[in-house]
Amino acid sequence: MNMAGKTSVNGESNGKVHRKVGLVYDDTMCKHDTPHGEAHPERPDRIRVIWENLQLAGVTQRCVVLGGTKAEDKHLQLVHTKDHVNPVKSSTNKKDYQSDRTASLVNSIYLNGSTSEAAYLAAGSVVEVAEKVSKGELDSGFAIVRPPGHHAEADEAMGFCFFNNVAVAASYLLDERPDLGVKKILIVDWDVHHGNGTQKMFWEDPRVLVFSVHRHEDGGFYPGGDDGSYNMVGEGPGEGFNINVPWEQGRCGDADYLAAWDHILIPVAKEFNPDIILLSAGFDAAIGDPLGGCRVTPYGYSVMLKKLMEFAQGKIVMALEGGYNLDSIAKSPLACVQVLLEDNPIQGSSEEMPFMSTWRVIQAVRKRLCAYWPSLADELSSKLVNQKTPTPIVLTSNSNSEAKDNAHELLDQLSKLSIEKHKVDTKVSTSWRSDLSKVDVWYASFGSNMWKPRFLCYIQGGQVEGMTKPCVGSLDKSPPKGITWGIYPNSLEQFNDVLFQENGLNVDFASPIFGLTALQLVEKNGSTPLEADLAPWYGNVVCLGREGDVPILTMTCTLSVIEKFASGEVPLSPPAKAYANTLIRGLVEGGIFSEEEAEAYIDDAASKPLYINGASREAIAGSSAVFRRRGDIINKNDIIATKKSKLMKKLKEKREISPGISDERHRGKNEDQIRGIWNKILLEKFTSGDVPLRPPAKAYANTLVMGLVEGGRLSEEEAWAYIDNAASKPL
């Protein structure tokens with residue numbers, strides 16, 4: 001066993017009694033990794049950086065350090081079926097872990113030769129710490145374990161989880177060790193995702209009060225569905241002992257979580273009076289987390305934990321769950337361990353106020369649970385709940401008008417947000433706006449935003465069919481100077497405001513989401529990612545080329561989103577009728593399709609599975625080559641080909657080619673210009689490597705050879721050599 005080194009601490013020093021805090025860390029759990037080293041958010045470095053930061057801070061020397069302990073099958077089977085435990089146990093015998101498609105794709109897990117050992121160590125280590133705290137050998141403890149556990153259900157591994165570590169420990173204390181005197185357990189889950197597995201395992205058990213605060217967004221955030229709703233309160237003898245606090249939006253921070261503590265969890269905990277607290281300590285609600293999109297700080301986590309230490313004589317067992325930003329996951333656990341050690345008073349403060357949506361959720365939870373917990377019966381004062389956060393944050397993107405119809409599609413970082421009516425705070429810093437207003441860009445739209453009235457809502461404010469709520473518009477409400485085939489001339493300032501609103505954000509930010517440095521990068525690289533918690537929906541900006549000296553930009557989703565659709569993890573489904581009408585209008589007004597063709601296109605796109613071959617995967621990774629708007633998934637190369645075909649047709653059929661050009665003598669010149677623009681865009685993609693060069697398929701290669709031979713250019717042997725040589729060299 002790879003222990004970090006067993007250490008003990010003296011309970012007294014200079015007359016002061018110190019709390020005995022246990023830490024579990026075992027390098028063996030780092031061996032659980034993707035089969036062939038593929039990138040994955042649930043990676044070994046998660047626990048390494050926690051441990052290293054604790055060591056650097058001198059905390060480990062003051063704690064009782066324990067190596068990992070493997071769980072016993074009989075203890076795992078207190079909450080899991082035998083048919084679930086055995087396959088995980090025998091997974092080390094698999095020769096090709098990546099071939100297990102169910103594991104690697106559908107359930108968001110992966111397997112390798114060390115997965116079984118790591119899963120057994122994670123569960124067993126939490127059991128060991130819980131037992132030692134219950135015995136009084138430790139005052140509290142933190143099990144730094146992986147894989148995490150709170151998504152794992154009785155008969156299913158999912159969401160990076162194999163065994164439900166906290167649930168196994170709770171059942172062990174209650175059912176296997178009655179001699180320890182633990183009769184009531186409070187499980188607090190502050191991971192940003194709902195602990196669906198834990199909830200189901202204690203659904204009818206009044207001995208366990210399960211409290212989960214998480215992003216839910218009407219079932220649109222992972223793990224999706226209704227399980228995370230505040231209406232899910234338990235059944236039978238366990239009715240009222242399951243409490244969900246489901247956030248309606250991302251970007252919740254310290255103020256929101258502490259409001260939930262003060263007005264729901266703390267009053268109920270006083271009534272319940274637990275003997276021990278097991279904490280599913282996920283740190284993916286931390287600021288900067290790529291999957292969570294919330295903004296809890298180390299200070300926020302430390303205050304939440306400090307409030308919990310008022311119960312059960314401070315007997316708290318923390319078990320690591322999620323958390324995928326290595327910086328946040330290093331700092332926040334350190335702050336928590338310092339609280340467990342009862343170090344110096346917590347330093348910091350928060351001037352933020354909870355979102356209005358937070359108060360809505362808290363009031364709804366109190367109303368639903370007050371029949372079981374009298375402390376929740378009183379109404380909160382209007383003065384309290386009417387406090388407004390200084391920067392109102394929007395909730396649902398207008399692009400997602402059919403949110404309730406398709407909420408189950410949105411998993412992990414696919415967050416749906418909504419827009420609340422509010423006045424834009426013009427007092428915010430606008431220095432960046434002055435600079436970016438002088439920079440011209442083209443915004444290349446496809447689909448709904450090709451319908452000009454819809455696009456203008458993002459500039460001038462307003463609402464049209466297919467939008468759930470009004471847009472606030474850009475601070476610069478100047479309309480586009482013209483429109484050419486769905487490409488709008490904008491300033492970079494307005495492009496930022498479109499990005500903000502398409503990602504469900506307010507426009508009154510003190511800094512741009514896509515600035516001058518990002519513009520330089522996207523022109524150089526073809527695409528550039530945006531900050532994950534600021535752009536959960538459209539996470540990439542792509543440069544399609546230039547029109548004259550002005551870059552043509554668009555916004556797309558990320559490769560990870562496309563892979564979820566391709567794998568079937570997120571089902572493809574037709575857009576809601578109102579949004580479909582918007583798409584049709586855009587496709588027709590943009591000259592891409594007739595109305596009949598647009599309807600057929602949408603039906604066809606929603607009915608076929610999405611397949612990403614190797615070339616497409618590289619192209620998407622390099623330039624985010626997919627546009628998505630609910631059931632409307634389009635390959636960028638298809639867009640280019642379709643638009644080019646339509647443009648060439650327009651050039652032949654119409655005198656008026658573009659605004660200001662109607663004279664017949666310009667037709668040939670303009671046609672050559674358009675061909676040149678498209679050819680330049682395509683050549684740049686091949687030259688830069690965004691679109692990889694590959695040998696042609698055999699059937700097409702035969703055609704090329706026949707053409708070269710029949711045209712008298714080359715012999716058959718020379719033609720084959722020419723094709724092989726061309727495909728092997730960079731352009």
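In the predicted model, helix α8 (residues 254-272) packs against helix α9 (residues 298-308) at an angle of about 10°, and their axes lie 9 Å apart. Because angles under 35 degrees count as roughly parallel, α8 and α9 are described as roughly parallel to each other. In this contact (heavy atoms within 4.5 Å), α8 contributes D254, Y257, L258, W261, D262, L265 and I266, which meet Y299, G300, V303, M304, K307 and L308 of α9. These residues divide into nine nonpolar, one polar and three charged. Residues are numbered from 1 along each chain as its sequence is written. As the model is predicted, local features need pLDDT of at least 70 and side-chain atom pairs count only at pLDDT 80 or more, whereas totals for chains, interfaces and linings use all residues.

The largest nonpolar core, a set of buried residues (under 20% relative accessible area) joined through side-chain atoms within 4.5 Å, has 124 residues, and those with the most contacts inside it are W190, Y257, W261, L278 and M318. Another core, of 34 residues, lies apart from it and includes F455, V464, L492 and A518.

Aromatic rings pair if their centres lie within 6.5 Å, and planes over 60 degrees apart count as edge-to-face; by this rule there are 16 aromatic pairs. One of them, F241 with W373, is edge-to-face, at 5.5 Å centre to centre and 80° between the planes, and joins parts of the chain that are 132 residues apart. W373 is buried, with a relative accessible area of 6%. The rings of F495 and F514 are likewise edge-to-face, with centres 5.9 Å apart and planes at 70°, and both F495 and F514 are buried.

Note on methods. Heavy atoms only, no water. Axes fitted to C-alpha atoms, helices over the stretch in contact; angles between N-to-C directions. Helix = DSSP H or I, 4+ residues; strand = E, 2+ residues; numbered from the N terminus. Parallel < 35°, antiparallel > 145°, perpendicular 65-115°, else oblique. Nonpolar A, V, L, I, M, F, W, Y, C, P; charged D, E, K, R; others polar. Buried < 20%, exposed > 50% of the residue type's maximum accessible area, 1.4 Å probe, protein only. Phe/Tyr/Trp six-rings, centres within 6.5 Å; stacked < 30°, edge-to-face > 60°.
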